[in-house]
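Please look over the sequence and the model below. The report after it covers sheets, helices and a few single residues.

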Amino acid sequence: MEKTRKLPIGIEDFREIRKEGFYYIDKTGVIEQLLDRWGKANLFTRPRRFGKTLNMSMLRYFFEIGTDPKLFDGLYISQNKELCEAYLGKYPVVFLSLKGVEGLDFEEAKACLMELIGQEAKRFSFLLDSDKLDVEDKEMYRALISLHNGQYVMSETTLKYGLKKLSELLAKHFDQKTILLIDEYDVPLDKAFQNGYYREMVALMRGVLGEALKTNNFLQFAVLTGCLRVSKESIFTGLNNFKVLSITDVRFDEQFGFTEEEVKKLLADYHLEAHLPEMKEWYDGYRFGDADVYCPWDVINHVDRLCDEPDAEPQAYWINTSGNDLVKHFIEKADRRTKDEIERLVAGEVIEKEVRLELTYDEIDNSIENLWSVLYLTGYLTKVRDKDLTDSLPDGCSALMIPNAEIREIFETTVSKWFDDSAKAWNRSPLFDAVWSGNNEALTKEMTKLLRMTISYHDYREDFYHAFLAGIFTGAGYVVESNKEHGEGRSDVIVKDIRNGRVAIFEAKYAKTLDALPDACDTAIQQINDRMYAADFRDDYDDILCYGIAFFKKRCMVRKK
C-alpha cells in the first residue's frame with residue numbers, strides 16, 4: 001500500500017472515508033455479528049473516541065436504501081454474499097447523533113434536539129409526494145420540518161412522537177420497516193446533569209426514545225451508542241427486548257478500537273514498524289470483553305504526525321476530545337482517601353473497587369465511590385485481566401489500573417490541576433492571616449491542611465513544594481515571584497502584598513524523615529540569612545516576614561526568622 005494514503009483525522013463519515021480513499025481499518029464484521037443475534041434495541045457502551053460514530057455511519061450506509069454497494073467492495077462483509085443480498089441497501093434508515101444536544105438550560109437543549117430531528121426528517125422530502133401516504137401522514141411530516149425564523153419548531157407532541165412517526169412514514173413509503181440509529185444517546189443527559197435540568201431532560205428523552213423503541217410496529221431494529229449505560233428504568237421503562245453490549249461483553253469486543261494486529265498492519269503500511277513499542281506503551285491497554293485494544297483516535301493521530309515528523313514523541317491526543325465534565329464533578333467532591341487511591345494508581349498500583357455498569361445520573365452523587373465506575377466506563381481506567389491477578393478479588397469487586405502512559409500523563413497534568421483547582425476553592429483566609437501575623441503554629445496547621453487536599457504523582461521533591469507554595473497565593477490578589485534572584489541567591493517564593501506594604505519570603509526544604517522537619521526548617525532560615533534575601537525589599541516594604549518551611553510528604557513545619 002502506498003505511503004501517501006490519507007489518514008482520516010476527525011472524519012467519522014464512512015462514505016467520505018471510502019469515496020475519498022482514506023485509510024480504513026475494516027470493522028464491517030459488526031454488521032454480521034449484529035444481524036446474527038439482534039434485539040429490538042441494541043445499546044453499545046464504549047468510551048469516547050473508540051470508533052462508535054464511524055461504526056454507526058458504516059451501519060447507515062450498509063442498510064440504507066439507495067446506498068452505493070461499491071462502498072463495501074473488498075471489505076470483510078462483502079464475502080458474505082447471502083447477507084449482503086438480503087440486507088445491503090434494503091431499509092430506510094433514520095440516523096441521529098445526539099452529541100450536540102446541549103445547552104445551559106433545558107429550552108436551549110430541547111431546541112437542539114428539535115433541530116436534529118428536523119434536519120434528519122428534511123432528508124426525506126420525497127415523502128411529501130409519496131402516493132403511499134395519506135393527507136394526515138403528510139401533515140405530520142410537515143410538522144416535523146416546520147421552520148420559524150430559520151429554526152425548526154415542533155409542538156411537544158410532535159417532538160415526543162417525531163422519531164416514531166418518521167419511522168412509520170418511511171416504512172409506509174418503502175413498504176419496509178425502518179432501522180433507527182442513535183449515536184451518543186447519553187450526551188444530552190450528561191449535559192443536563194452538569195447544568196441543572198436533568199429531570200426535565202430525562203422526561204423528554206423517555207418520551208422521544210420510549211415511543212420510538214417500545215411500541216413502534218414500524219421499527220426493524222434500533223442501535224444506540226453511548227459512553228455510560230443509563231439505567232433502563234430511567235429511560236427505557238417497559239422495553240423488554242433491550243440488548244446491552246457493554247465494555248465487559250465478549251460480543252463485538254474487537255469491533256470498537258484497534259487490535260494489535262490492526263495496529264501492526266497500519267504501521268507496516270506507513271513503514272513505521274519500529275514505533276510499535278511506543279504505540280503499545282502509550283495507547284494500548286484497554287480491555288473490551290476478552291480483547292486488548294488500542295484507542296483508534298490516538299493511533300491515527302500519532303501515525304499522521306510520524307509521517308511528517310519521524311522523531312515525534314508520543315503525546316496525549318485523547319484528553320481534548322473527551323467529555324470530562326462528569327469526572328471534574330467528582331474531583332470537586334473527592335476526599336483524602338480518593339486522592340490517595342489516585343496517587344496509588346499513577347504510581348502503577350492496582351486498586352480494588354466495585355464497578356457499576358448501570359447508573360442513573362441522579363444517583364451518581366450518592367457516593368464518591370461511583371467515581372471509579374465513571375472512570376472505568378469513560379476510559380480513564382481499565383480492568384486487570386483475571387490471569388494477571390495474584391490474589392482473588394472480593395465478591396463484586398474488580399481490579400482497576402491506568403491503561404497506558406497517555407492516561408497516566410493525563411492524570412499527572414489535567415486531573416492533578418482539577419484537584420489543585422478544587423483545593424484553591426477552599427477558604428485560605430486563615431492561612432493568609434497566619435502569614436501576615438507571623439503565627440507559626442497556625443501557618444503550619446493551615447498549610448498542612450491544604451497540602452493534604454492537593455495531589456502529587458511524583459516522588460516528593462523540592463520543586464513540587466515550590467509549585468505548591470506559589471499556587472497557594474496565585475490568584476489571591478498578591479504578586480507572586482518564584483525562583484528569582486534576590487540578595488546573593490535565588491529565593492524560592494516571594495509573596496508581595498503591595499497595597500499593605502508587606503512581603504513574605506519563603507524558603508522550602510524537603511526533609512527525608514518526619515523527625516528531620518525542625519532541622520530542615522532551621523537550614524531554610526539560615527539560607528535566608530546567609531544569602532540576604534530580605535535586603536532587596538527594605539526600601540519599599542514596611543514589613544518583611546521570612547519563613548523557613550520544611551516538608552515531608554503530606555506534612556510540613558513552618559518557622560519564622
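What follows goes from the whole chain to its sheets, then to helices and single residues.

**Basis**

This is a predicted model, in which local features need pLDDT of at least 70 and side-chain atom pairs count only at pLDDT 80 or more, while totals for chains, interfaces and linings use all residues. Residues are numbered from 1 along each chain as its sequence is written, and side-chain values use heavy atoms, with hydrogens and water left out.

**The whole chain**

The chain holds 22 helices and 19 strands. Both are DSSP runs, numbered from the N terminus: helices are H or I with at least four residues, strands are E with at least two. Along the principal axes, the C-alpha atoms fill a box of roughly 95 × 55 × 50 Å. Of the 561 residues, 56% are buried. Buried means under 20% relative accessible area, exposed means over 50%, and partly exposed lies in between (1.4 Å probe, protein chains only). Contact means heavy atoms within 4.5 Å. Among contacts between residues at least 6 apart in sequence, 72% join residues at least 24 apart.

**The parallel sheet**

Five strands make an open sheet with parallel pairing, in the order β2-β5-β6-β1-β8. Two strands pair if DSSP finds at least two bridges between them. At the edges are β2 (93-97) and β8 (242-245), each paired on one side only. Neighbouring strands of this sheet are turned by 10° against each other on average, direction ignored. Strand β1 (residues 41-45) runs parallel to β8, joined by four bridges. One of the residues involved is Asn 42, whose bridge partner in β8 is Lys 243.

Helix α9 (residues 198-214) lies across β1, β5 (178-183) and β6 (219-226). Its direction is at about 140° to β6. Such angles run from 0 to 180 degrees between N-to-C directions; axes are lines fitted to C-alpha atoms, for helices over the stretch in contact.

**The antiparallel sheet**

A three-strand open sheet has the order β11-β14-β13 and antiparallel pairing. Here the edge strands are β11 (351-354) and β13 (382-383), each paired on one side only. Four bridges join β11 to β14 (residues 397-401). Between β13 and β14 there are two bridges, again antiparallel. Residue partners in β14 are set out below.

| Residue | Partner in β14 |
|---|---|
| Glu 352 | Ala 399 |
| Glu 354 | Cys 397 |
| Lys 383 | Leu 400 |

Which strands does helix α15 lie across? Helix α15 (residues 336-346) lies across β11 and β14, at about 125° to β11. Helix α17 (residues 370-377) also packs on the sheet, touching β11, β13 and β14. The direction of α17 makes about 100° with that of β11.

Glu 341 sits in helix α15. Is Glu 341 buried or exposed? Glu 341 counts as buried because its relative accessibility is 7%. Leaving aside neighbours within four places in sequence, Glu 341 is in contact with Ile 351, Lys 353 and Trp 372.

**A helix pair**

Helix α11 (residues 260-269) packs against helix α13 (residues 296-308) at an angle of about 15°, with their axes 11 Å apart. The two helices are therefore roughly parallel to each other. Angles under 35 degrees count as roughly parallel, over 145 as roughly antiparallel, 65 to 115 as roughly perpendicular and the rest as oblique. From α11, the contact uses Val 263, Leu 266 and Leu 267; from α13, it uses Val 299, Ile 300 and Val 303. These residues divide into six nonpolar, no polar and no charged. Ala, Val, Leu, Ile, Met, Phe, Trp, Tyr, Cys and Pro count as nonpolar, Asp, Glu, Lys and Arg as charged, and the others, Gly among them, as polar. An α-helix has 3.6 residues a turn, so residues three or four places apart point the same way.

**A covered helix and a lysine**

Helix α8 (residues 187-195) is mostly covered, with seven of its nine residues buried. Among the buried residues are Asp 190, Lys 191 and Phe 193. Just after α8, Gly 196 takes a positive phi of about 90°.

Lys 280 lies in helix α12 (residues 276-283). Lys 280 counts as partly exposed because its relative accessibility is 38%. Leaving aside neighbours within four places in sequence, Lys 280 is in contact with Glu 260 and Tyr 294. Lys 280 and Met 532 are 252 residues apart in sequence and 52 Å apart in space, C-alpha to C-alpha.
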